[in-house]
Amino acid sequence: MELEAGNGNMILKKGGGSLPVPNVQSFAASKARTEILEKYIRPELNDSTLVLNAADDHDQGDIPVIDLSRLHHPRHSEDEMLKLSLSCEHWGFFQLINHGVPDEVTEKMKVAMGEFFQLPLEEKKEYGQPPDSVEGYGQAFVVSEDQKLDWGDMYLLSTNPVQGRNLKLWPANPPTFKEALEQYSLEIRKVTHVLLDSMGKSLKIDKFDDLFEDCLQSVRMNYYPPCPQASKVLGLSPHSDGGALTILLQVSEVQGLQIKKNGVWLPIKPLPGAFVVNIGDIIEIMSNGKYKSIEHRAVVNTERERMSIAAFHFLSFHGQIGPLPETLEKSEPCYKTLTVQEYTRMRFSFKLEGKNILDHMKLGA
Ligand code: OGA
Ligand code: NI
């Protein structure tokens with residue numbers, strides 16, 4: 001694997017790239033779709049008792065809701081910061097409202113994404129992942145021939161730093177796409193910095209936000225076609241996110257995100273206009289386990305496609321990933337420390353499977 005320092009998309013490069021697998025959108029639209037290939041069927045899903053019904057009045061409660069406007073409010077910021085910190089400790093997931101991202105920006109991004117995925121396959125393939133990278137249109141995290149496959153396609157682009165963008169992989173169609181993604185990326189970075197700043201203050205980590213200065217950001221558009229046997233497949237395998245912080249936008253009304261809470265899958269019902277935010281493995285490691293990176297997955301629908309946009313934020317490239325000194329004043333380190341390069345190499349050599357990256361990083365496990 002080549003790592004060129006200073007190039008933002010290097011984080012998406014890995015030895016060999018993802019193995020090529022069939023395009024799910026065109027497979028789902030073909031006549032063959034009634035016969036779902038063995039490669040997509042997940043026997044573990046037979047244990048349906050593990051999934052809570054979204055309509056149930058379950059005792060887990062819904063995921064916390066954080067109001068970003070209160071984080072800077074002179075009277076409410078302390079309360080809201082405490083709520084944010086508790087959400088990161090006990091849930092690792094929250095919905096974010098009053099985030100200040102203009103509706104026009106999210107709407108334009110949603111429309112641009114929808115139009116891109118409606119292009120003919122041949123045109124989308126012009127932006128396909130090069131052999132040594134997971135950036136572009138295709139699938140990621142396919143590392144072996146006998147691995148079960150996800151019922152979904154994705155389009156991953158590196159968005160920050162700006163000089164690291166690989167514009168050859170950005171589509172000419174729809175013509176609004178480039179501007180839509182640029183604006184979206186900028187707005188989401190602003191939100192990310194407000195959240196990281198508040199998290200740093202709560203964790204009593206000096207200059208936490210500075211670690212993410214001009215941070216690496218990549219945006220993954222997930223497209224999950226309908227599946228006649230939706231209950232037997234997964235759109236995205238259970239995983240925790242390998243970055244620091246993820247901001248997820250639900251593009252279509254169809255729900256599908258589930259998080260693992262106390263051993264059961266809990267479906268998330270996004271509030272209108274809200275983002276779903278989650279802690280990634282890097283913040284769990286840096287906070288020495290105080291904030292949790294939670295396993296989650298995506299299920300699919302029998303009738304309707306589902307789309308989502310995940311924006312991942314990673315540390316600036318120079319540096320190390322390990323528990324920060326402030327977190328070690330009263331406790332021993334629970335995780336190893338690796339350079340960003342070592343961490344990245346390890347992360348892409350694994351398939352998406354539960355909390356495998358964190359398991360690898362845990363000391364004494
Ligand atoms: C992801 C992810 C969930 C979804 O892209 O990492 O968890 O609902 N997506 O698409
Ligand atoms: Ni994820």
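This report walks through one sheet, a nickel site and a ligand pocket in a predicted model.

Let's start with the sheet. It is open, has four strands in the order E6-E11-E8-E9, and its pairing is antiparallel. Strand E6 (236-239) and strand E9 (264-267) sit at the edges, each pairing on one side only. On average, neighbouring strands here are turned by 25° against each other, ignoring direction. Taking one pair in detail, strand E8 (residues 257-261) runs antiparallel to E9, with four bridges between them. As for residues, Lys-260 has Trp-265 in E9 as its bridge partner.

Now the metal. The nickel ion (ligand 2) takes its protein donors from His-239 (NE2), Asp-241 (OD) and His-296 (NE2), lying 2.1 Å from the ion. Along the sequence, these donor residues follow the spacing H-x1-D-x54-H. His-239 belongs to strand E6 and His-296 to strand E11 (residues 296-298), so this pair ties together parts that are 57 residues apart in sequence. Both His-239 and His-296 are buried.

His-296 also turns up around the other ligand. Ligand 1 is surrounded by 13 residues, and the closest are Arg-220, Tyr-224, His-296, Arg-306 and Ser-308. Here are some polar contacts from side chains to oxygen atoms of ligand 1:

| Residue | Side-chain atom | Distance to a ligand 1 oxygen |
|---|---|---|
| Arg-220 | N or O atom | 2.9 Å |
| His-296 | polar atom | 2.9 Å |
| Ser-308 | polar atom | 2.6 Å |

How much of the accessible area of ligand 1 does the protein cover? On its own, ligand 1 has 290 Å² of accessible area, and the protein covers 99% of that.

Definitions and conventions: Residues are numbered from 1 along each chain as its sequence is written. Chains are lettered from A and ligands numbered from 1 in the order in which they are written. This is a predicted model: local features need pLDDT of at least 70, side-chain atom pairs count only at pLDDT 80 or more; totals for chains, interfaces and linings use all residues. Side-chain values use heavy atoms; hydrogens and water are left out. Two strands pair if DSSP finds at least two bridges between them. Helices (H or I, at least four residues) and strands (E, at least two) are DSSP runs, numbered from the N terminus. Axes are lines fitted to C-alpha atoms, for helices over the stretch in contact, and angles run from 0 to 180 degrees between N-to-C directions. Donors are N, O and S atoms within 2.8 Å of the metal (3.2 Å for Na, K and Ca); water is not among the atoms, so sites may look incomplete. Buried means under 20% relative accessible area, exposed over 50%, partly exposed in between (1.4 Å probe, protein chains only). A residue is near a molecule or strand if one of its heavy atoms lies within 4 Å of it. A polar contact is a pair of N or O atoms within 3.5 Å; within protein, one must be able to donate a hydrogen and the other to accept it, and residues adjacent in sequence count only if both atoms are side-chain atoms. Accessible areas come from the Shrake-Rupley method with a 1.4 Å probe; for residues, only the protein chains shown count as cover.
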